[in-house]
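Below is a set of questions and answers on one protein structure. The sequence and the coordinates come first.

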Amino acid sequence: MPTFRTTFARLLLIAQFSALAAAPLHAEEPVSFKKDIAPILVHSCQACHGPKEAKSKFRIDTFDLVMKPGSSDEPSITPGKPDASELYRLLVTRDEDERMPKKADALPAAQAALVKKWIEQGAKFDGPDAKAALVDYLPRVEHPAAPATYAGPLPITALAFSPDGKTLAVSGYHEVLLFNPETGELVRRIGNIAQRTYGLAYSKDGHTLAVAGGNPGELGEVRLFNPNDGKLISVLLSTSDVVFDVKYSRDEKLLAACGADNAIRIFEMPDGRLKHTITNHSDWVMGIAFNHDATQIASASRDKTAKVFDLKKAGDMISSFSDHNDQVDSVAFAADDKQVFSSGRDRRLFQWNVADGKKAGEVGLNGEGFEIALEGETLLVTSSDRNVRRMSAKDRGNQKTFSGHKEWVYSAALHEGTKRAASGGHDGEVRIWKLEDGATVTSFVAAVK
């Protein structure tokens, strides 16, 4: 005869099994748009459906835009109904001519399943602002490690001397490489960086290195590092495409960045608060430069113009120079801040007035002009003719041609204190020069072997 204890135990088991039967075997976790869906859209779709290019008139760079139909007028998302959602249909269709992403592998099954489940659950939004760019609230990226060794050299797209001139920062792959500029010895590797680096800038005390770059078509960033130990200080900016340049103002109260989203952003330092966003250019902004008191900023753009903006008036345009007939890559203010130098793909270096944007003079280059580095009256211009020209900023007179590179020269840096110049080429070669006579101090290939 069962005892009270065994009868109670049986009843308890029956109750437990009944509860289990009433509940689903696996409680369905809600899919987060912010954490799960936005990263998929940014990394797989934004290159063709972002602010610069919106194929089929469909954009996915904000949640509001994701929910709007493209040129087909079919609902991109119908909450609760994946099969009635054009975005999902195009991700999973077997028709390779229709399937998205175009000319790429199909979305992994696990990611497609996440999109489907998110729609089934009602396509809910859990981000901070439906009108904000998706990249603004993506989780901070932990970038892949740089390769232990390089299979081959990379083009040198950015260089910067440390304030004391004892270290040269050089662009690498998923890293920045620090070299001794006198010996060419590798000092340190700074990782946790996007694929490519296009801009580098040291703070005056040498304790911060700003790194601008990104993964083309996916992500742009400005990251701040301590160059003395390689530790990440902060991610100042994340945007939808690569950042091409970063500059500190001379008083270091401001830091500016520009890139392939056609914008210039001005941050107050050291807190990193965004002060101005300038969107006057109609194409990529390739280079920027502050004037000496940081009241103005000049810009170079793929839209074939160079401009100057007033930072005392929220970035209002002061003047625009339109004599370039091709992409403009670099700008620099003259010592008196009344004129600007600009160079680009049209093989000319121009000097023009800030006040009215009129040309003051020009110098023909034997190749495309990629970068201007200017300190005091010393002006360096790099070119696709494999040379670096040292010119007088007073009269644009050619004082010395630094020859020795075997490929196009993309980047340059000056250090007045040590009287050194650095240049980087398409073949990965970095050359260090004496400013006075153009003699080579050392040269090395910035690739880890």
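**Pockets, cavities, core and charged pairs**

Q: How much space lies in the second largest pocket of this predicted model?
A: The model is predicted, not experimental. The volume of the second largest pocket is about 480 Å³.

Q: Which residues that line the second largest pocket are the closest to its centre?
A: The lining of this pocket consists of 27 residues. By class they divide into 12 nonpolar, 10 polar and five charged. The closest to the centre are His49, Lys55, Phe58, Leu90 and Met100.

Q: Which element gives the most to the lining of the second largest pocket?
A: Two helices, α2 and α4, each supply at least two residues of the lining. With four residues, the one that gives the most is α4.

Q: Which strand gives the most to the lining of the largest pocket?
A: The largest pocket holds about 1,600 Å³ of space. Strands that each supply at least two residues of its lining are β1 (159-161), β5, β9 (243-248), β13 (285-290), β17 (328-333), β21 (369-375) and β25 (409-415). The strand that gives the most, with six residues, is β21.

Q: Which residues lie nearest the centre of the largest pocket?
A: The largest pocket is lined by 49 residues. Of these, 28 are nonpolar, 11 polar and 10 charged. Nearest the centre lie Leu159, Leu200, Lys247, Glu371 and Ala412.

Q: What is the volume of the second largest cavity?
A: A search of the whole structure finds two cavities of 30 Å³ or more. The second largest of them is lined by Ile193, Ala194, Arg196, Thr197, Val211, Ala212, Gly213, Gly214, Glu221 and Arg223. Its volume is about 40 Å³.

Q: Where does the largest share of the lining of the second largest cavity come from?
A: The lining has four nonpolar, three polar and three charged residues. At least two residues each come from β5 (196-202), β6 (209-215) and β7 (219-226). The largest share, four residues, comes from β6.

Q: Which helix supplies the largest share of the largest nonpolar core?
A: In soluble globular proteins, nonpolar side chains tend to be buried together. The largest such core here has 30 residues, and those with the most contacts inside it are Phe33, Leu41, Leu87, Val115 and Trp118. The helices α2 (33-44), α3, α4 and α5 (109-120) each supply at least two residues of this core. The largest share, six residues, comes from α2.

Q: How many disulfides does a search of the whole structure find?
A: A disulfide needs two cysteine sulfur atoms within 2.5 Å. For Cys48, the nearest cysteine sulfur is that of Cys45, 8.7 Å away, and Cys48 is in no disulfide. Over the whole structure, the number found is zero.

Q: Is Cys258 buried or exposed?
A: The cut-off for buried is a relative accessible area under 20%. Cys48, at 25%, is partly exposed. Cys258 has a relative accessible area of 2%, so Cys258 is buried.

Q: How many residues apart are Glu182 and Arg420, which link distant parts of the chain?
A: Glu182 and Arg420 form a salt bridge, with the closest N and O atoms 3.1 Å apart. Glu182 lies in the loop between β3 (176-179) and β4 (186-190), and Arg420 in strand β26 (residues 420-425). Along the chain they are 238 residues apart.

Q: Is Arg420 buried or exposed?
A: Its partner Glu182 is partly exposed, with a relative accessible area of 38%. Arg420 has a relative accessible area of 15%. This is under the 20% cut-off, so Arg420 is buried.

Q: Which residues are linked with Arg348 in a network of salt bridges?
A: A search of the whole structure finds 19 salt bridges. Arg348 pairs with Asp346, the closest N and O atoms being 3.5 Å apart, and with Glu362, the closest being 3.6 Å apart. Asp346 is buried at 11% relative accessibility, whereas Glu362 is partly exposed at 32%. The residues linked with Arg348 in the network are Asp346, Lys359 and Glu362.

Q: How far apart in space are Ser72 and Ser320, C-alpha to C-alpha?
A: Ser72 is in the loop between α3 (63-66) and α4 (86-92). In sequence, Ser72 and Ser320 are 248 residues apart. In space, the C-alpha to C-alpha distance is 39 Å.

Definitions and conventions
Residues are numbered from 1 along each chain as its sequence is written. This is a predicted model: local features need pLDDT of at least 70, side-chain atom pairs count only at pLDDT 80 or more; totals for chains, interfaces and linings use all residues. Side-chain values use heavy atoms; hydrogens and water are left out. On a 1 Å grid over the protein atoms alone, a cavity is a set of points where a 1.4 Å probe fits but cannot get out, and a pocket is an open set with protein on both sides within 12 Å along at least five of seven lines; lining residues have an atom within 4 Å of a point. Grid points are joined across faces, edges and corners, and a volume is the space filled by probe spheres set on the points. Ala, Val, Leu, Ile, Met, Phe, Trp, Tyr, Cys and Pro count as nonpolar, Asp, Glu, Lys and Arg as charged, and the others, Gly among them, as polar. Buried means under 20% relative accessible area, exposed over 50%, partly exposed in between (1.4 Å probe, protein chains only). A salt bridge is a side-chain nitrogen of Lys or Arg within 4 Å of a carboxyl oxygen of Asp or Glu. A nonpolar core is a set of buried Ala, Val, Leu, Ile, Met, Phe, Trp, Tyr and Cys residues joined through side-chain atoms within 4.5 Å.
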